[in-house]
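Let's go through this one together, asking how each label is earned. Have the sequence and the 3D view open.

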Amino acid sequence: MNTFIVAKQLTLRLLGKKKTWVLLFIVPSLLLSLIMGLLHFEVSGTPTIPYVDQDHSIWSEALLDSLAQSFQLVELKDAKAIEALVTERKHKAAFYIPAGYGEMIQKQASPKLRIVSLGINEAAITLQLAAEQASREWLRVAAQLEQEQAVTSDKIQAGLQRYLAFKPSFEVKEQAAKVSPNLRTAMGIFMIFILYNALNAVIVMKEDKQNMLMSRVYAAPVRAWEIAAGYYIGIVIYGTIQLIIVLLITRGIMGIPMGIGAIEQFVMLELFLCAGISIGCMLGSLIASAAHFSNMGFAFIFPASMIGGCFWPIEMMKPYMQQLSNAVPQRWALDGIELLAAGNSLSSIWLHLVVLCLFTLFFLCLGSVVLQPSAKESLR
């Protein structure tokens, strides 16, 4: 009972600050809405692909008709123009149909299309696979027509129509929920606010110890573990209120699509919150003065967030940095959120949940001295 009284008083003190509502509730909600809403680009649309047809044969026209089912094709006359469009990042991919494409099909030789792209991207890979598949189909049609005498353009056209008429068609339905390219960045920035929230609450605890408030409570008939548990539970409740308010504003009021279930998202962020509070306690035990802690503690947030992939994908970092990122809870929480957004369940990402719980226990054991009401804090 004493534990919940201490937790209640601490929570009310933390929520009573006007700065808290602005920095920890309103600002994160606006940032999440901005990243997931205004900067959200739909990735499920039909890609626009420019091309140059240097062959102008029946086979190249059949190839274009086949590719038009999956892409929005734009014909250009100048081969250098499509390279400029891709180089300037106006299109993700483009292609040439070389002269002699139809002749190679007739001769049963595998034709090669030139795909232009900057690096490896989904549009370029899909385009290449679709073009190669269509070319293999035209080779089969050409092999059947080769058995007939005097193969003319009309017979080729008729053979293509017969093949397409009996070719099985498939309707691929995309998943309604895709992993938004901005989900990791949005959740990573929100986690920075969660850590800021946790460290801010730890500062209040350290100030209470410096001002002998914990000692006065300890002088009453209250056990030390009840005071420690009350402070910790109070911070967890305070952070949980932050999570609920921000998620209600972004998901409920603003209707921002997160691509992940509300319960699953809350569970992952709540576990990260507990880990963040434990990290704050650990840093508080290393830095005695509350004034120094407010400077050095917050300076710890951004390097750890960068290593954990809050601002960019983990794959962009060097291999040794990717290994180092496993030592921060941000990496595990963000990876778990992305897996949930991809359609996985909480039970399938049990390893991420267990690791976040271990982070909480490990850092809390290291920083348990901050929660001890009998331990004195330095005033400098």
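Q: Which residues line the second largest pocket?
A: Ser-110, Pro-111, Lys-112, Leu-113, Ile-115, Gln-128, Ala-131, Glu-132, Ser-135, Arg-136 and Leu-139 do. Before we go on: this is a predicted model, where local features need pLDDT of at least 70, side-chain atom pairs count only at pLDDT 80 or more, and totals for chains, interfaces and linings use all residues. Residues are numbered from 1 along each chain as its sequence is written, and side-chain values use heavy atoms, leaving out hydrogens and water.

Q: What makes a patch of space a pocket, and what makes a residue part of its lining?
A: On a 1 Å grid over the protein atoms alone, a pocket is an open set of points with protein on both sides within 12 Å along at least five of seven lines, and a lining residue has an atom within 4 Å of a point. The second largest pocket has a volume of about 260 Å³, taken as the space filled by probe spheres set on the points.

Q: Which helix gives the largest share of that lining?
A: Helix H6 (residues 122–145), with 6 residues. A helix here is a DSSP run (H or I, at least four residues), numbered from the N terminus.

Q: Why does Asn-182 count as buried?
A: Buried means under 20% relative accessible area (1.4 Å probe, protein chains only). Asn-182 has 16% relative accessibility, so it counts as buried. You'll find Asn-182 in the loop between helix H7 (153–166) and H8.

Q: What makes a group of residues a nonpolar core, and how many residues has the largest one?
A: A nonpolar core is a set of buried Ala, Val, Leu, Ile, Met, Phe, Trp, Tyr and Cys residues joined through side-chain atoms within 4.5 Å. The largest has 53 residues, and Leu-269 is among those with the most contacts inside it. H8 gives the most to this core, with 15 residues.

Q: Which residues does Leu-269 touch, leaving aside those up to four places away in sequence?
A: Met-187, Phe-190, Met-191, Ile-194, Leu-243, Leu-247 and Ile-337; contact means heavy atoms within 4.5 Å.

Q: How do you know that the span of H11 agrees with its number of residues?
A: The expected span is 1.5 Å times one less than the number of residues. For the 25 residues of H11 that gives 36 Å, and the end C-alpha atoms are 36 Å apart, so the two agree. H11 is also mostly covered, with 18 of its 25 residues buried.

Terms used
1 Å grid on protein atoms, 1.4 Å probe; cavity = no way out; pocket = protein on both sides within 12 Å on 5 of 7 lines; lining within 4 Å. Helix = DSSP H or I, 4+ residues; strand = E, 2+ residues; numbered from the N terminus. Buried < 20%, exposed > 50% of the residue type's maximum accessible area, 1.4 Å probe, protein only.
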